[in-house]
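Biologist: I am new to this structure. Please take a close look at a single part and then place that part among its surroundings.

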Amino acid sequence: QQDIDDPTAIHVHDLMIHPGRHEVLIGAESVALTFPEFRLLHFFMTHVGRIFSRAKLLDEIWGHDAFVEERTVDVHIRRLRKALESSGHDGLIQTVRGAGYRLSAKD
């Protein structure tokens, strides 16, 4: 779903991300995220329901040439969930055992 004022905005439930403004809103409340957390959330919100391995997320978020460990993804997923926790949206980011992570569109 798109926002008339910002056609790049993406909505999942009442969670909205404005990529051009580097802004995340839950309802009217702003959510502070680091750059990697923002990129993770944006990637998930543009691929709702799809499962991504740690390796794929590393490539997409940090790039092919980055020398970071796969567990870095876990750390940033945990921080992203913590940032979304107060609004109850932390459950949207799901761990798929043995496969990776996904953002669920279901409540």
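Modeller: What follows starts with helix α2 and its neighbours and then moves outward. The model is predicted, with local features needing pLDDT of at least 70 and side-chain atom pairs counting only at pLDDT 80 or more, while totals for chains, interfaces and linings use all residues. Residues are numbered from 1 along each chain as its sequence is written, and side-chain values use heavy atoms, without hydrogens and water.

Helix α2 covers residues 54-62 and helix α1 residues 35-45; helices (H or I, at least four residues) and strands (E, at least two) are DSSP runs numbered from the N terminus. The axes of α1 and α2 come within 10 Å and cross at roughly 115 degrees; axes are lines fitted to C-alpha atoms, for helices over the stretch in contact, and angles run from 0 to 180 degrees between N-to-C directions. The two helices are therefore roughly perpendicular to each other (65 to 115 degrees; under 35 is roughly parallel, over 145 roughly antiparallel, the rest oblique). On the α1 side the contact (heavy atoms within 4.5 Å) involves P36, R39, L40, F43 and F44, and on the α2 side L57, E60, I61 and W62. By class, this contact of α1 with α2 has seven nonpolar, no polar and two charged residues; Ala, Val, Leu, Ile, Met, Phe, Trp, Tyr, Cys and Pro count as nonpolar, Asp, Glu, Lys and Arg as charged, and the others, Gly among them, as polar.

Helix α2 also packs with helix α3, residues 71-85, at an angle of about 75 degrees and with the axes 9 Å apart. This makes α2 roughly perpendicular to α3. R54, L57, L58 and W62 of α2 meet R71, T72, V73, D74 and H76 of α3. The classes in the contact of α2 with α3 are four nonpolar, two polar and three charged residues. L57 and W62 are listed in the contact with α1 and also in the contact with α3.

Within α3, H76 counts as buried because its relative accessibility is 11% (buried is under 20% relative accessible area, exposed over 50%, partly exposed in between, with a 1.4 Å probe and protein chains only). Leaving out residues up to four places away in sequence, H76 touches T34, P36, E37, L40 and W62.

Helix α1 lies across β1, β2 and β3 (23-26), and runs at about 110 degrees to β2. The open sheet has four strands in the order β1-β2-β3-β4, with antiparallel pairing (strands pair if DSSP finds at least two bridges between them). Its edge strands, β1 (10-12) and β4 (29-30), each pair on one side only. Three bridges link β1 to β2 (residues 15-18) in the antiparallel sense, and V12 stands opposite L15 in β2.

The loop between β3 and β4 holds A28, which is exposed, with a relative accessible area of 74%. The C-alpha atoms of A28 and T72 are separated by 30 Å, and these residues are 44 residues apart along the chain.

Later in the chain, β5 (residues 93-96) and β6 (residues 100-103) run antiparallel and are joined by four bridges. I93 stands opposite L103, and T95 has Y101 as its bridge partner. Three residues lie between the strands of this hairpin, where G98 takes a positive phi near 80 degrees.
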